[in-house]
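Me: Please take a close look at one part of this structure, the nonpolar patch on its surface. I would like to know what makes it up and what kind of chain it sits on.

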Amino acid sequence: MHLFLVNDDGIDAPGLRALVRETLARGHQATVCAPAKQQSAASHRITLTEPLFVEERDLPGARAFAVSGSPVDCVRLGLLNLVDRPVDLLISGINDGYNAGMAVHYSGTVGAAMEGAINRLPSVATSLHHQGTPEMIDNLARLTLDWAERYARSNPPPLQVLNLNAPCVAPQDLKPLVYAPLDTGNFVDGYERRQAPRAGMYFWLLSGSRTEEPQPGSDMDYLQRGHVTATLIGNPESLSAERFAALGL
């Protein structure tokens, strides 16, 4: 298969590089098209009024491009102008931090995967707790490719994304994959007000944002219990446990 790999943490992020290694180790072809710098929380933003600069990167075994725009820009530009052969599967990640619950609405990782789904590709978003170790990243890369290959063979409906999240748990202690709906707990954060000597008032988003307590049976609940979680996002006709079970993951 020919895999299109993207993320929102930037082309040098460890999670993306782990996916590249696992993709090539399985004998697949890989095209990497990722932001030149950090683009977290970009959601589905598309660049309209600025040029997109592209730099081809040396990544053994894969074609790789660093793009000055958003994760969705990377997918659109990559699929329309940069790939040199048909793509069979798109994977976005591995993100540094959960894209579970309400975070999916802000996520550049999920936005890129959704853009792949809009372009009629089987598309997967994959994320790991922000304190995940290199061992956990490599393990999630293996699991992601396992599930992504099966997902691609299942002929998923258009406009659907398989969204995976893994907790900060050693591979040998990781609990099984479960299908779980998105938690609806809101973020509990805010902004710190400051005053610049000449420019005036400004604000910083507070670091270490928290969410409300997760609802029982939600993806955030299962993540706290040590499970890998899967959620189907997008196509309203397919967002059910029964549809997920039919995928055979």
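Reply: What follows starts with the patch and then turns to the chain as a whole. The model is a predicted one.

Four residues make the nonpolar surface patch: Tyr 191, Met 201, Phe 203 and Leu 205. Together they give an area of about 460 Å². Strand E11, which covers residues 200-205, supplies three residues, the largest share of the patch.

Leu 205 can serve as the example. This residue lies in strand E11. Its relative accessible area is 47%. The bounds for the partly exposed class are 20% and 50%, so Leu 205, at 47%, counts as partly exposed. Patch members need over 30% relative accessible area, and the 47% of Leu 205 is in keeping with that cut-off.

Now the chain that carries the patch. Strand E11 is one of 13 strands in the protein chain, which also has six helices. Of the 249 residues, 50% count as buried. The accessible surface comes to about 12000 Å², and carbon and sulfur atoms hold 51% of that surface.

As for overall form, the C-alpha trace spans about 60 × 45 × 35 Å along its principal axes. The radius of gyration is 18 Å; a compact globule with 249 residues would have a value near 18 Å, so the two agree. Contacts within the chain can be sorted by sequence separation. Among those with a separation of 6 or more, 76% join residues 24 or more positions apart.

Technical notes: Residues are numbered from 1 along each chain as its sequence is written. This is a predicted model: local features need pLDDT of at least 70, side-chain atom pairs count only at pLDDT 80 or more; totals for chains, interfaces and linings use all residues. Side-chain values use heavy atoms; hydrogens and water are left out. Patches are made of residues with over 30% relative accessible area and no salt bridge: like charges are joined within 9 Å, nonpolar side chains (Val, Leu, Ile, Met, Phe, Trp, Tyr) within 5 Å. Accessible areas come from the Shrake-Rupley method with a 1.4 Å probe; for residues, only the protein chains shown count as cover. A salt bridge is a side-chain nitrogen of Lys or Arg within 4 Å of a carboxyl oxygen of Asp or Glu. Helices (H or I, at least four residues) and strands (E, at least two) are DSSP runs, numbered from the N terminus. Buried means under 20% relative accessible area, exposed over 50%, partly exposed in between (1.4 Å probe, protein chains only). The radius of gyration is taken over C-alpha atoms; the globule rule is 2.2 Å times the number of residues to the power 0.38. Contact means heavy atoms within 4.5 Å.
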